[in-house]
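Here are my notes on this entry, as numbered points. Please read them with the coordinates open.

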Amino acid sequence: MNAKVPLSPSSARANPRLAHVGGFQALEQELDYSVANTAIKGAIPAELRGTFFRIGPGRNEIGGQKFGHWFDGDGMLHRVSFTDEGIHYRNRYVRTPKYLKETAENRIVYRSFGQNAPGGPLKNAGRAPANAANTSLIWHGGHLLALWEGGRPWELDPVTLETKGEFNYGGRLKPWNAFSAHGSVDPRTGHYYNFGVGVGPRGPGIHMYRIDPRGCLDRKGYFPIGSLPFCHDFALTEHYAVFFVSPLRLRNPLKFAAGFTTFDESLSYEPDDPVRIFVVSLETFEVVRTLETDAFVPVHYGNCWEEGRELVINVTRFESWRVNENLRNVFGAENDEKGRLYEYRLDLSSGAVKAKPLPGHDSLEFPQWDWRRTGVKTRLSYAAAILPNATPGFFNGVQRLDHDSGEFQLHDFGAGRFTSELIFVPRSKEAAEEDGFLVAALYNAGSHTSEIVVLDAQTLEELAVAPLKHHMPFGFHCGYTSRRFV
Ligand SMILES: [Fe+2]
């Protein structure tokens, strides 16, 4: 199974910064099998009896052609169920039109984020990039959705993982309403908030959505922002949604619309322009404050909260869009762009914005926290790290940070073992913030297979390593629910 390995051991030794690239190879198979406890190193904790999901591009090439960008790979959902007997694994591609047609023709057909369709501008003019349903997922209101930030969600059956179809919340999400990959659930109300960048009645802006715990989209909003930026994520506090609109934006929309450039090529980072911050009331969906700060590229947010009239925003900060070169060329990129965790403090009274790097390692992404406490102050955060071990080309470790003391711990997965996002799972509903596990799927370059790994969230010790029979292509985001579907 998947015998093709991209680098021989000698070439991996020659360039250990590329040792991870086998993790970007396609997984064509759709599988369904169990791994017994006897095959698991260590033991799955007795309290961990739910479902771990991860999504990402299942293939980054087709018919011998590489996709133009990691963001263009067709979405594959992986589901790992923790049972008394061990784990159960199932994966399925999301059956979007792009996946179905390109699979049938074994070639690139569609315009995507990072490439235009073959045939020149006439074949691309007026066409939006195809939805790859590959970026994130949500299980909320009885719906399992694969998310992609430029289009609508795709629904999957949580039991079979078969694709049910494009999802529009009973017609409330219109065809022009993008629905981002990064929503957030308010644990106090069960409401799920999401947004989409697009054009509205007053020009380019941000559309906002609230979905109630039964899965009903019960509130929509919109505010203009004057440009079409890359706006990947947002911060949710107790009373506000906060958007950092970076100076990374579509520079020449007409050239893109006419089919001469890809969306990716049309994005331009303007370091002399500020980041504009929009603070939106969750009660009214109206902008209640705008602020500005120096240019950077915000990507993912950690937990955020309110301290009196001050908003505390934890966010991954990139100093430029150079990281995009790595995302375009996943099979050959030597990652040297560092994401850093920052804390921003927004004073809603004075408009002052203060920023400081958080203590910790200097190359981090995918900040995580205890989701039971989203929007209120948390002490602990976790993030995937790129550590200076023998294979420093991709995420190879994890950081745990105590925001109160500034102390941090790092766990190195070791040479040749690579992670994507990790997720925190509390030991029980009532467990303290520090009491739980981190769950992740690791790619082991030595065996070209993946491992489901459970860590103690306090010590970062690996409690269980469950070997899969194949590799899980590197993904973007994951999720967990205490519910099981097998
Ligand atoms: Fe993301």
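1. Start with Glu343. This is a predicted model, and Glu343 sits in strand S24, which covers residues 340-347. The residue is buried: its relative accessible area is 9%, and the cut-off for that word is under 20%.

2. Look next at what surrounds this acid. The side chain of Glu343 makes a polar contact with the side chain of Arg345, at 3.0 Å. Setting aside neighbours within four places in sequence, Glu343 is in contact with Val312, Ile313, Asn314, Lys354, Ala355, Lys356 and Leu358.

3. Now the sheet that holds S24. Four strands make up an open sheet, ordered S22-S23-S24-S25, with antiparallel pairing. Strand S22 (297-307) and strand S25 (353-357) are the edge strands; each has a single partner strand, so one side of each lacks a neighbour in the sheet. On average, neighbouring strands here are turned by 25° against each other, direction ignored.

4. The S24 and S25 pairing deserves a check by eye. Five bridges join these antiparallel strands. Tyr344 stands opposite Ala355 in S25. Ala355 is also among the contacts of Glu343.

5. A second sheet can be read in the same manner. Its order is S8-S9-S10-S11, again four strands in an open, antiparallel arrangement. At the edges stand strand S8 (136-140) and strand S11 (163-166); each has a single partner strand, so one side of each is left without a neighbour in the sheet. The average turn between neighbouring strands of this sheet is 25°, direction ignored.

6. Inside that sheet, S9 (residues 143-147) and S10 (residues 154-156) run antiparallel and are joined by three bridges. Leu145 has Glu155 in S10 as its bridge partner.

7. Which protein atoms are the donors of the iron ion? They are the NE2 atoms of His182, His232, His300 and His477, lying 2.0 to 2.1 Å from the metal. Along the chain, the donors follow the spacing H-x49-H-x67-H-x176-H. His182 is in the loop between S11 and strand S12 (184-185), and His232 is in the loop between strand S15 (217-224) and strand S16 (235-236), so this pair ties together parts that are 50 residues apart in sequence. Both His182 and His232 are buried.

8. One point on the geometry of the metal site. The angles among the four donor atoms of the iron ion run from 88 to 168°, and the site is irregular. The tetrahedral label requires all angles to lie between 85 and 135 degrees, so a range of 88 to 168° does not qualify.

Methods
Residues are numbered from 1 along each chain as its sequence is written. This is a predicted model: local features need pLDDT of at least 70, side-chain atom pairs count only at pLDDT 80 or more; totals for chains, interfaces and linings use all residues. Side-chain values use heavy atoms; hydrogens and water are left out. Two strands pair if DSSP finds at least two bridges between them. Helices (H or I, at least four residues) and strands (E, at least two) are DSSP runs, numbered from the N terminus. Axes are lines fitted to C-alpha atoms, for helices over the stretch in contact, and angles run from 0 to 180 degrees between N-to-C directions. Buried means under 20% relative accessible area, exposed over 50%, partly exposed in between (1.4 Å probe, protein chains only). A polar contact is a pair of N or O atoms within 3.5 Å; within protein, one must be able to donate a hydrogen and the other to accept it, and residues adjacent in sequence count only if both atoms are side-chain atoms. Contact means heavy atoms within 4.5 Å. Donors are N, O and S atoms within 2.8 Å of the metal (3.2 Å for Na, K and Ca); water is not among the atoms, so sites may look incomplete. Four donors count as tetrahedral if all angles lie between 85 and 135 degrees; four count as square planar and six as octahedral if opposite donors are over 155 degrees apart and all others between 65 and 115; anything else is irregular.
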